[in-house]
Amino acid sequence: MSERNTIAIVDQRSASAPAATRPRIPDTPAPRNSLLSDGLGRPLRDLRISVTDRCNFRCSYCMPKEVFDKHHQFLPQSSLLSFEEILRLATLFVAQGVHKIRLTGGEPLLRKHLERLIEMLAALRTPDGTPLDLTLTTNGSLLTRKAAALKAAGLQRVTVSLDGMDDAVFRRMNDVDFPVADVLAGIEAAVAVGLGPIKVNMVVKRGTNAQEIVPMARYFRDHYGGRVILRFIEYMDVGATNGWRMDEVMPSAEVQRLIDQHFPLDTLDPSQPGETAERWRYRDGRGEVGFISSVTQAFCGDCNRARLSTEGQLYLCLFAQQGHDLRSLLRQPHPAGRPYTDDEIAGAIGLIWQDRSDRYSQLRASQPASSATAGRRIEMSYIGG
Ligand code: SAM
Ligand code: SF4
Ligand code: SF4
C-alpha cells in the first residue's frame with residue numbers, strides 16, 4: 001500500500017488519531033499457550049474481527065450518508081487481511097485464551113467467499129480441545145441467500161441488527177430504503193437452518209425509534225417460541241461522524257420499565273463472565289430480553305474483548321484512538337531480514353494485552369469532560385461492533 005493511501009485512510013476514519021503503532025516483540029517470547037491478563041487483571045477471551053469496512057446500509061448512527069458518500073474512500077482490497085492472515089492471527093489469539101470469535105464489519109456478508117474463512121476458523125480448537133464459539137453480526141440483508149452456506153461452513157449462530165418493526169421507520173434508519181420484511185425473512189432463514197440461539201440487536205435512539213420498542217418485544221415474544229433473544233442497545237458515542245448527543249440516548253432502565261409495563265419481566269443471572277447484556281425473562285415464560293447499557297452502566301470492569309480491524313490493527317477498546325499494527329508483523333520482514341515467527345507475533349500480542357488499561361465507559365461516567373475521554377475515535381464500521 002502506498003504512503004499516500006495510508007494517510008488518506010487514517011484521515012477518514014479518525015481525523016486526529018495517530019497512525020497505528022508497530023508492536024514490540026519481547027526478547028524472550030512466553031510459551032505460546034500462556035493465558036493473558038491485562039493491566040487491570042482482565043483476561044483476553046473474546047476477539048471481534050472486522051472483515052470489511054463496506055456496508056450496503058447507511059444507518060445514521062454508524063455510517064451517515066453525508067460522510068460515507070460516493071467520495072468516501074474505502075480500503076483497497078490489498079489492505080484487507082487475507083483469510084490466511086486472519087487465520088494465522090486467530091490461531092495465536094486462541095492459543096492465548098480467546099474462545100469466542102465474532103465476525104463483523106461493515107457488513108461481513110459483503111466479504112466475498114466468507115464461508116471459506118468460517119470453515120477455516122471453525123476448525124480451530126482452544127488449548128483444552130474445545131471448538132470456538134464462532135458467531136457473526138449482520139444487518140440481515142443477505143441472510144436469506146446465505147444462511148444455509150454459513151451453517152454448512154461451521155458458523156454456530158448469528159446476531160442480526162434490526163432497529164424497528166415499522167417499515168417506514170426501518171427504511172429511514174438504514175437510509176437505503178431497505179424493507180423490514182427482507183430482514184425478517186433473513187431471521188426466519190437463520191432459524192430454519194439452526195443458526196441459533198439467534199440474537200436480535202436494536203439500537204434505541206430517542207426521538208427516532210423508541211416507539212418501536214414494544215412492537216419489537218411483542219414480535220419476538222410471539223414468534224420462534226423464545227428462541228430469538230431481543231437485546232436493546234444504548235446509542236453510543238462511538239466514532240466521530242454520527243453527531244451523538246446524550247439526550248438521544250434512552251437509558252436501558254427506561255426501556256426495561258416500558259417493556260415490563262406491557263410484558264412483566266424477571267431478572268436473570270449472567271450466563272458467563274464479561275457478558276455485556278443484562279438478561280431478563282418474560283414472567284409468562286415466552287423467552288428473554290437483554291439490555292446493553294454501554295452508556296449508563298459501564299461494564300469495563302470485566303471487558304475481555306479485543307478487536308481486529310479490517311486491515312489488521314488491534315484495538316483494545318471500542319473507543320480507542322490508536323491501534324497496534326499486527327499486519328506489519330505478517331507482511332514486513334523482521335530486522336534480520338526473515339519473516340516474523342508465530343512465537344514472536346504471539347509475544348507481541350501478549351505485550352499489547354498486558355499493557356492494556358482501557359476503560360473508556362467507566363471514565364466517561366465518572367469524569368464526563370475529562371481529557372481521558374476526549375479526542376477523536378475510530379469509526380464503528382471500521383473497527384467492528
Ligand atoms: N453491519 C453489521 C450490523 O449492523 O449488524 C455489523 C457491524 S455493526 C457496526 C455492529 C453493531 O454495532 C450493530 O448491531 C449496530 O447496530 C451497532 N452500532 C453501530 N453504531 C452504533 C452506535 N453508535 N451505538 C450503538 N450501537 C451501534
Ligand atoms: Fe452498516 Fe451495520 Fe453500520 Fe448499519 S450498523 S451502517 S448495517 S455497519
Ligand atoms: Fe470494553 Fe472499552 Fe467498552 Fe469499556 S469502553 S467495555 S473497555 S470496549
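This briefing goes through confidence, ligand surroundings, a helix pair and two backbone details. The structure is a predicted model. Its chain has a mean pLDDT of 90, and 90% of the residues reach 70 or more.

**Confidence**

- Over residues 1–17, pLDDT stays under 50.
- For that stretch the model has 29 contacts beyond four places in sequence.
- Where pLDDT is low, the predicted coordinates should not be read in detail.

**Around ligand 2**

- Three cysteines, Cys55, Cys59 and Cys62, are among the residues around ligand 2.
- Phe57, Tyr61 and Met63 also belong to the surroundings of ligand 2, as do Gly106 and Asn139.
- By class, this shell has six nonpolar residues, two polar ones and no charged ones.
- Gly106 and Asn139 are the two that count as polar.

**Around ligand 3**

- Ligand 3 has 13 residues around it.
- Those that come nearest are Cys300, Cys303, Cys317, Leu318 and Ser361.
- Two elements give two or more residues each to this shell: strand E10, which covers 305–308, and helix H11, which covers 360–366.
- The shell around ligand 3 is made up of seven nonpolar, one polar and five charged residues.

**Helices H4 and H6**

- Helix H4 spans residues 143–153 and helix H6 spans residues 180–193.
- Their axes come within 8 Å and cross at roughly 20°.
- H4 is therefore roughly parallel to H6, because angles under 35 degrees count as roughly parallel.
- The crossing in which H4 passes H6 is right-handed.
- From H4, the residues in this contact are Leu143, Thr144, Ala147, Ala148 and Lys151.
- On the H6 side, they meet Asp182, Ala185, Gly186, Ile187, Ala189, Ala190 and Val193.
- Sorted by class, the residues of the contact between H4 and H6 are eight nonpolar, two polar and two charged.
- Lys151 of H4 and Asp182 of H6 are the charged ones, while Thr144 and Gly186 count as polar.

**Backbone details**

- The peptide bond that runs from Gly196 to Pro197 is cis, and its omega is near 0°.
- Pro197 sits in the loop between H6 and strand E5, the latter covering 198–204.
- His113 is not a glycine, yet it has a positive phi of about 60°.
- The loop that holds His113 lies between strand E2, at 100–104, and helix H3, at 114–122.

Technical notes: Residues numbered from 1 in each chain as written. Chains lettered and ligands numbered in written order. Predicted model: local features only at pLDDT ≥ 70, side-chain atom pairs only at ≥ 80, totals over all residues. Heavy atoms only, no water. Near = heavy atom within 4 Å. Helix = DSSP H or I, 4+ residues; strand = E, 2+ residues; numbered from the N terminus. Axes fitted to C-alpha atoms, helices over the stretch in contact; angles between N-to-C directions. Parallel < 35°, antiparallel > 145°, perpendicular 65-115°, else oblique. Left-handed = near helix turned anticlockwise from the far one by under 90°. Contact = heavy atoms within 4.5 Å. pLDDT = per-residue confidence, 0-100.
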